[in-house]
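Got the viewer open? Let's take a walk through this one, a selection at a time.

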Amino acid sequence: MDDLQFVDTNLRGARFVRSDLSGAVMRGVEVSGADIDAPWLLSGPNQLLINDVDVAPYVDAELDRRFPGRSERRAADPAGLQAAWAKLEAAWAAALDRAAQLPAGSVEISVDGEWSFAETLRHLIMATDTWLRRAIFEIGQPYHPAGQPNVEFATDGHDTTVFATPNPSYAEVLEARADRQTMVRSYLAALTPADLATSRRNPWSPEYPETTLSCLHTILEEEWEHLRYALRDLQTLELNGPQG
């Protein structure tokens, strides 16, 4: 697959989902209107070159501008993490207010095949359970039954029956989500500098140990990325109505 080549090929309108395009080389291509969503682009020393210009730093800076508080997601001390979480909670509260203004049932609508607003909240419940309750609290079965796993959860051989409430009401989702947010807030309030360096077991790849700090950074990354998706889809619903 590494030698796969497309020459004089029309890929107009093609859609790549959960695909590995790292290292792909495009020369003399027409990319007007192309839409790339690469959440891991800004993790580590990654590059995205367009006409020999690395645009990753510009993308990162623009996202920080659009989402006040996002730049603090890499805070490295308890006070900074507490402040980062407070700003994140405020941003999500504003998103919930926007969602509440939509016609009934809009939070359950998928836009362009993506998770609905309610499913996004459910996934964040699952993400908190993974990185706080499992990795940091070391709870054997940490998952709320209303959580929404990522696609790879099943294909990687994990037990999906732990998510025993496949179609929770939106009220149930909001209750569980608020509980998990409170859990993070309470943990951060009692956090000490020494806690941050404590070694933790990576819930997905045990051979790659984490620290409490890296687990908290993952939670913050998940929250900001999914807020970006949620606001993008809320805007579509606001403009186009319930049909998305």
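Start with residues 88-229: an unreviewed UniProt entry lists this stretch as "domain: DinB-like". Keep in mind as you look around that the model is predicted. With residues 88-229 selected, check the secondary structure: the span is 55% helix and 3% strand. Now pick its two end C-alpha atoms, and you'll find them 14 Å apart.

Next, colour by domain. The domain assignment splits the protein chain into domain 1, residues 1-66, and domain 2, residues 74-240. Drop a centre on the C-alpha atoms of each, and domain 1 and domain 2 sit 26 Å apart. Where they touch, five residues of domain 1 meet eight residues of domain 2.

Switch on a surface if you like. Domain 1 and domain 2 bury about 570 Å² between them, and 38% of that area is on carbon and sulfur atoms. Which three residues should you select on the domain 1 side? Go for Arg15, Arg18 and Asp37: they supply 64% of the area that domain 1 buries against domain 2, more than any other three residues.

Stay at this interface and show side chains. Four salt bridges turn up across the interface of domain 1 and domain 2, and there are three residue pairs in polar contact. On the domain 1 side, the touching residues come out as two nonpolar, three charged and no polar.

Zoom in on Arg15 and Glu114. Their side chains form a salt bridge, with N to O at 3.5 Å. As background, side chains of opposite charge can pair when their charged atoms come close.

Then hop over to Asp37 and Arg232, another salt bridge, this one at 3.9 Å from N to O. Trace the chain between them: Asp37 is in the segment before β1 (49-50), while Arg232 belongs to helix α7, residues 212-240. That puts the partners 195 residues apart, so to speak a link between distant parts of the chain.

Last stop: zoom out and show every salt bridge. The whole structure has 21 of them.

How values were computed
Residues numbered from 1 in each chain as written. Predicted model: local features only at pLDDT ≥ 70, side-chain atom pairs only at ≥ 80, totals over all residues. Heavy atoms only, no water. Domains from an automatic or database assignment. Contact = heavy atoms within 4.5 Å. Buried area = accessible area lost by both parts, 1.4 Å probe. Polar contact = N/O pair within 3.5 Å; in protein donor to acceptor, adjacent residues only side chain to side chain. Nonpolar A, V, L, I, M, F, W, Y, C, P; charged D, E, K, R; others polar. UniProt positions renumbered as here; feature names shortened; annotations may be inferred. Helix = DSSP H or I, 4+ residues; strand = E, 2+ residues; numbered from the N terminus.
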